[in-house]
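Me: Please take one part of this model and go through it closely, with its surroundings. Give the cut-off for each term where it comes up.

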Amino acid sequence: MHIVLIGTSLDALLLAEQLSKNHQITMIELEAEIGMPIHHPGRCVDKTHFSTYFTEDQQTFLAMKENPDGWGCRWEWVLKFLSHDVAIKGVTCLTRTRVVDMSLNDTQHLLHLSENERHDHHTLMADMIIDF
């Protein structure tokens with residue numbers, strides 16, 4: 001199944017990581033970089049969850065510090081590490097790309113995309129679309 005995720009928030013990256021095990025995933029992002037811009041501080045309640053997604057070296061690099069709300073960290077790197085992980089797992093990431101129009105073609109969704117600097121395809125077929 002081909003699934004398109006519109007937006008590359010933390011939620012979208014975690015979902016892409018899970019879905020990429022059994023599905024073809026394409027992520028579409030309007031910004032030039034995945035995970036940017038950062039609109040919130042880097043905090044988590046339980047830092048043990050990070051061991052599921054990050055190596056020990058990556059967790060050290062995140063410079064986790066305990067605070068009254070849980071743990072603070074270098075949040076922009078959380079998103080960069082996850083972006084790197086999904087790319088290695090074969091997720092297609094289209095940055096500087098906007099969905100211009102969508103239509104249903106039989107059982108598939110047809111997405112019309114804006115042109116980007118890589119001159120990627122202007123249309124994309126998907127079985128499922130999730131908008132973040």
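Reply: Contacts (heavy atoms within 4.5 Å) between residues at least 6 apart in the sequence of the protein join residues at least 24 apart in 52% of cases. This is a predicted model, in which local features need pLDDT of at least 70 and side-chain atom pairs count only at pLDDT 80 or more, while totals for chains, interfaces and linings use all residues. Residues are numbered from 1 along each chain as its sequence is written, and side-chain values use heavy atoms, with hydrogens and water left out.

The protein has three helices and 10 strands; these are DSSP runs numbered from the N terminus, H or I of at least four residues for helices and E of at least two for strands. Their order from the N terminus is β-α-β-β-α-β-β-α-β-β-β-β-β. The C-alpha trace spans about 50 × 30 × 25 Å along its principal axes. Of the 132 residues, 36% are buried, where buried means under 20% relative accessible area, exposed means over 50% and partly exposed lies in between, with a 1.4 Å probe and protein chains only.

The part taken here is helix α1, together with what it packs on. Helix α1 covers residues 10-19 and lies across β1, β2 (24-28) and β10, at about 165° to β2. Axes here are lines fitted to C-alpha atoms, for helices over the stretch in contact, and angles run from 0 to 180 degrees between N-to-C directions.

The strands under discussion belong to an open, parallel sheet of four, in the order β6-β2-β1-β10; two strands pair if DSSP finds at least two bridges between them. β6 (92-94) and β10 (128-131) are the edge strands, each with a single partner, so one side of each has no neighbour in the sheet. On average, neighbouring strands of this sheet are turned by 20° against each other, direction ignored. Four bridges hold the parallel pairing of β1 (residues 2-6) with β10, and Val4 stands opposite Ile129 in β10. In a regular strand, side chains alternate between the two faces of the sheet.

Which residues of α1 are buried? They are Ala12, Leu13, Ala16, Glu17 and Leu19. Their cover includes β1, β2 and α3.

The packing of α1 against α3 has an angle of about 30°, and the axes are 9 Å apart. The two helices are therefore roughly parallel to each other, a label used for angles under 35 degrees, with over 145 roughly antiparallel, 65 to 115 roughly perpendicular and the rest oblique. The crossing is left-handed, that is, the near helix is turned anticlockwise from the far one by less than a right angle; a clockwise turn would be right-handed. At this contact Leu10, Leu13, Leu14, Ala16 and Glu17 of α1 meet Trp75, Val78, Leu79, Leu82, Ser83, Asp85 and Val86 of α3.

A nonpolar core is a set of buried Ala, Val, Leu, Ile, Met, Phe, Trp, Tyr and Cys residues joined through side-chain atoms within 4.5 Å. The largest one has 23 residues, and those with the most contacts inside it are Ile25, Met27, Phe50, Leu62 and Val78. At least two residues of this core come from each of β1, α1, β2 and α3 (75-88). The helix α3 gives the most, six residues. Residues up to four places away in sequence aside, Ile25 touches His2, Ile3, Leu5, Ala16, Leu19, Ser20, Gly90, Val91 and Thr92. Another core, of eight residues, lies apart from the largest one and includes Val4, Leu111, Leu113 and Leu124.

Further along the chain, Thr95 sits in the loop between β6 and β7 (99-105). Thr95 is buried, with a relative accessible area of 12%. Its C-alpha is 5.4 Å from that of Ala32, although the two are 63 residues apart in sequence.

After this loop, β7 runs antiparallel to β8 (residues 108-113), joined by six bridges. Val99 stands opposite Leu113, and Asp101 opposite His112. These two strands form a hairpin with two residues between them, and Asp106 in the turn has a positive phi of about 60°. β8 is also joined to β9 (residues 123-126), antiparallel and over four bridges, with His112 opposite Thr123.
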